[in-house]
Amino acid sequence: MAKEQAPGGSQTPGIPWAPGAPAEGYGPGPGGAVPPPGHGYGVPAGPGVPGGVPGPGPYGYGGPPVPGPYGWMPPPPPQGQSVAALALGIAGMFLVSTIWGSFLAVLVAPVALGLGASARRKADRGELGGRGFATAGFVMGIVGTVLSVLISVVIVLAFTLGSDDSQDDGPSTGPYTVDAAAHR
């Protein structure tokens, strides 16, 4: 048989190229042998195969994956502790944005930080879902704690230092005071 050139430049010795035929490296192996389905690389197909993909479901869509002893398991859904960390982190950030709420945020934001850290550790061990919620609560707890402490200190200093100038010690005895007795 003569060598023929397939479009793309590959030469296939002894096998003539035909339009619509699979490219080189695909199709039957040497001697026309086709491996049985489910062997080789890839995910085994067919209903009832552990870890496999079931056959077509209604309307031509595949059904849900068949549970098997091995393989990927979906992460657990977010649970209370990670959601609480996120909610308290959001509340702490909101309270920091209101000037007087920063005093309350000093209490709320560290709780979000602690819950977030604990929930992240549990999510890493696989005991709890919602690692993203826990991380967001942890980060907002850090930011909220730092900002609330800074804003609270600034407010307290503004009131304590600002009130020193406005104290009235009684009648003034400075150089510009008018002595009522001297003008009679």
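This tour moves through the structure one selection at a time and states what is found at each stop.

**The whole chain**

Begin with the entire protein on display, and bear in mind that the model is predicted. The protein has 184 residues, of which 19% are buried. Its secondary structure consists of three helices and two strands. Colour the chain from the N terminus onward, and the elements appear in the order β-β-α-α-α. With the surface switched on, the accessible area of the protein is about 13,400 Å², and carbon and sulfur atoms account for 68% of that area. Of the contacts between residues at least 6 apart in sequence, 50% link residues at least 24 apart.

**Helix H1**

Next, select residues 80-97, which form helix H1. How far apart are the end C-alpha atoms of H1? They are 26 Å apart, and this agrees with the expected span because 18 residues at 1.5 Å a residue should also give 26 Å. Now highlight the buried residues of H1: Gln81, Ser82, Ala85, Leu86, Gly89, Gly92, Leu95 and Val96.

**Serine 82**

Within H1, centre the view on serine 82. Is serine 82 buried or exposed? Its relative accessible area is 0%, so serine 82 counts as buried. Display the polar atoms around its side chain. A polar atom of that side chain lies 3.0 Å from the backbone oxygen of glutamine 79. The side chain of serine 82 also reaches the backbone oxygen of glycine 129, at 3.2 Å. To see the wider surroundings, select Ala119, Leu128, Gly129, Gly130, Phe133 and Ala134, which are the contacts of serine 82 once neighbours within four places in sequence are set aside.

**Helix H2**

Move on to residues 102-125, which make up helix H2. The end C-alpha atoms of H2 are 34 Å apart, in agreement with its length, because 24 residues at 1.5 Å a residue should span 34 Å. The buried residues of H2 are Ser102, Ala105, Val108, Ala109, Ala112, Gly116, Ala117, Ser118, Ala119 and Ala123. One of these, Ala119, has already appeared as a contact of serine 82. Step past the end of H2 to glycine 126, where phi is positive, near 85°.

**Two salt bridges**

Stay in this region and show the charged side chains. How many salt bridges does a search of the whole structure find? It finds two. For one of them, select aspartate 124 and arginine 131, whose side chains meet at 2.6 Å, N to O. Aspartate 124 is exposed, with a relative accessible area of 52%, whereas arginine 131 is partly exposed, at 35%. For the other, select arginine 125 and glutamate 127, whose side chains meet at 2.9 Å, N to O. Arginine 125 is exposed, with a relative accessible area of 52%.

**Glycine 137 in helix H3**

Helix H3 covers residues 131-164. Glycine 137 is located in H3, and its relative accessible area of 0% means that it is buried. Which distance separates the C-alpha atoms of glycine 137 and glycine 116? They are 5.2 Å apart in space, while the two glycines are 21 residues apart in sequence. Add Ala85, Leu86, Gly89, Ala112 and Leu113 to the selection: these are in contact with glycine 137, leaving aside its neighbours within four places in sequence. Among them, Ala85, Leu86 and Gly89 are buried residues of H1, and Ala112 is a buried residue of H2.

**Serine 152 in helix H3**

Continue along H3 to serine 152. With 9% relative accessibility, serine 152 counts as buried, because buried means under 20%. Not counting residues up to four places away in sequence, serine 152 touches Ser102, Phe103 and Val106.

**The nonpolar patch**

Finally, return to the surface and select Leu104, Val106, Leu107, Val149, Val153, Leu157 and Leu161. These residues form a nonpolar patch with about 610 Å² of accessible area together. Which helices each supply at least two residues of the patch? They are H2 and H3, and the largest share, four residues, comes from H3. End on valine 149 in H3, which counts as partly exposed at 39% relative accessibility.

Key:
Residues numbered from 1 in each chain as written. Predicted model: local features only at pLDDT ≥ 70, side-chain atom pairs only at ≥ 80, totals over all residues. Heavy atoms only, no water. Buried < 20%, exposed > 50% of the residue type's maximum accessible area, 1.4 Å probe, protein only. Contact = heavy atoms within 4.5 Å. Areas by Shrake-Rupley, 256 points an atom, 1.4 Å probe, with all protein chains shown as cover. Polar contact = N/O pair within 3.5 Å; in protein donor to acceptor, adjacent residues only side chain to side chain. Expected span 1.5 Å × (residues − 1). Patch = residues over 30% accessible without salt bridge, like charges linked within 9 Å, V, L, I, M, F, W, Y side chains within 5 Å. Salt bridge = Lys/Arg side-chain N within 4 Å of Asp/Glu carboxyl O.
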